[in-house]
Structure formats: C-alpha cells, structure tokens
Amino acid sequence: MNILIADDEFSSRRLLEGILSPLGSCQIVENGRETVEAVRSSLEQGKRFDLICLDIMMPEMNGQEALNEIRKLEKLNGISSQDEAVIIMITAMNSLQTVVDSFEGGGCSAYLTKPVTKKNLLDKLKNYGLV
C-alpha cells in the first residue's frame, strides 16, 4: 500500500508512521502544500496513494483545502470515485461543522479525532478493505 501521512505535529507523524509502516510504504509531509505536491508527483509517476492520513489544522494550506485540491487532481488524472485514495481526516477539533464540511464538501472517506489509536485507525482501514 502506498501511504501519505500529512501532519504538522512531529509526534502525530511518528505515531501514524509506526502504525502504518508495516502495511506499506509511507511518505511524510508537514503541511497542506506539501501534501498536494506529493499527490501531484505520485500521480505523475503513476504511483498514486492508496491511503492519505490528512490533519485538518496545518500551516500554509489546511487539510480541507488540501482535500479539495487532491480530489481535483484525481479527477484531472481520470481517477474515478471508486478508485480515488482513501482519505482519513484527522484532527484535535471535534467540531460537527468540520466533520460535515470534510465529508460533504471535500469528499473525505473517514474522520478520526486525536489522539489516534491503533485500533481506531485499523478499524477504519478494515472498513475500506485496506487491511
């Protein structure tokens, strides 16, 4: 599995990498702009991401903006909604409006609040057939 971890907090990146690295190749970025560039590059190389763990609150471009850009890039590259990356939005904010915006407006696949646990993350991955 090709995995992208996008979070501006070092401890969160390390936690996610520790959980996910046994499942595939992990690339790590620290902000929304780097996230979009990593997705763009992966699509250009024909190695699209299967899973993207995307923090909502990041510098330079927040996770919801990055999510919208990622979905646009997938469409531009002819990726159907059935084949698009599973994107799990992750945040410390437990705001109902944030959840609604992420699902309805942005097309995220799932949502987790911090602190992320191995069980919760793996349960989400099972729901999408990634483990």
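**The largest cavity**

Begin with the residues around the largest cavity of this predicted model: the lining divides into six nonpolar, one polar and two charged residues. Select Val39, Ser42, Leu43, Arg48, Phe49, Ile52, Ile70, Glu74 and Ala85 to display that lining. The space they surround comes to about 40 Å³, and the count of cavities of 30 Å³ or more is one. Next, colour helix H2 (32-44) and helix H3 (63-76), the elements that give two or more residues to the lining of the largest cavity. H2 gives the most, with three residues. Rolling a probe the size of a water molecule over the atoms shows where empty space is left.

**The whole chain**

Now return to the full cartoon. The protein holds five helices and five strands. Followed from the N terminus, its elements run β-α-β-α-β-α-β-α-β-α. Of the 131 residues in the protein, 44% are buried. Among contacts with a separation of 6 or more, 59% are accounted for by residues 24 or more positions apart.

**The nonpolar cores**

Which residues have the most contacts inside the largest nonpolar core? Select Leu4, Val39, Ile52, Leu54, Ile87 and Met89, which hold that place in a core of 23 residues. The elements that give two or more residues to this core are E1, H2, E3, H3 and E4. Apart from it lies another core, of 16 residues, with Ile3, Leu16, Leu112 and Leu122 among them. In soluble globular proteins, nonpolar side chains tend to be buried together.

Two members of the larger set can be revisited at the cavity, since the lining of the largest cavity includes Val39 and Ile52. Then centre the view on Leu4. Leaving aside neighbours within four places in sequence, Leu4 is in contact with Gln27, Val29, Thr35, Ala38, Val39, Phe49, Leu51, Ile52 and Cys53.

**Helix H1**

Select residues 10-20, which form helix H1, and show the side chains of Ser12, Arg13, Leu16, Ile19 and Leu20, which are buried. Looking down the axis of H1, one finds these buried residues within an arc of 135 degrees, so they line one face of the helix. The cover over the buried residues of H1 includes strand E1 (2-6), strand E2 (25-29), E3, E4 and H5.

Ser12 in helix H1 merits a separate selection. Its relative accessible area is 11%, and Ser12 therefore counts as buried, the limit being under 20%. With neighbours within four places in sequence left aside, Ser12 is in contact with Asp7 and Lys114. A distance label from Ser12 to Val116, C-alpha to C-alpha, should read 8.3 Å, although the two are 104 residues apart in sequence.

**Helix H5 and the loop before it**

Move to Lys114 and Pro115, which are joined by a cis peptide bond with omega of about 0 degrees. Pro115 is placed in the loop between E5 and H5.

Continue into helix H5 (residues 118-127), where the buried residues are Leu121, Leu122 and Leu125. Seen down the axis of H5, they fall within an arc of 95 degrees, so one face of the helix is lined by them. Which residues are exposed on the other side of H5? They are Lys119, Lys126 and Asn127. The buried residues of H5 pack against helix H1 (10-20), strand E3 (51-55), strand E4 (86-91) and strand E5 (110-113). After H5 comes Gly129, whose phi is positive, near 70 degrees.

**Thr91 in strand E4**

Select Thr91, found in strand E4. With a relative accessible area of 1%, Thr91 is buried. Not counting residues up to four places away in sequence, Thr91 touches Asp55, Ile56, Met57, Tyr111, Leu112, Thr113 and Lys114. Two names here recall earlier stops: Lys114 is also a contact of Ser12, and Leu112 is among the residues of the 16-residue core.

**Glu60 in a loop**

The last selection is Glu60, in the loop between E3 and H3. Glu60 has a positive phi of about 70 degrees although it is not a glycine. Is Glu60 buried or exposed? Its relative accessibility is 56%, so Glu60 counts as exposed.

Key: Residues numbered from 1 in each chain as written. Predicted model: local features only at pLDDT ≥ 70, side-chain atom pairs only at ≥ 80, totals over all residues. Heavy atoms only, no water. Buried < 20%, exposed > 50% of the residue type's maximum accessible area, 1.4 Å probe, protein only. Helix = DSSP H or I, 4+ residues; strand = E, 2+ residues; numbered from the N terminus. Arc of directions from axis to C-beta. Contact = heavy atoms within 4.5 Å. 1 Å grid on protein atoms, 1.4 Å probe; cavity = no way out; pocket = protein on both sides within 12 Å on 5 of 7 lines; lining within 4 Å. Points joined across faces, edges and corners; volume = space filled by probe spheres on them. Nonpolar A, V, L, I, M, F, W, Y, C, P; charged D, E, K, R; others polar. Core = buried A, V, L, I, M, F, W, Y, C linked by side-chain atoms within 4.5 Å.
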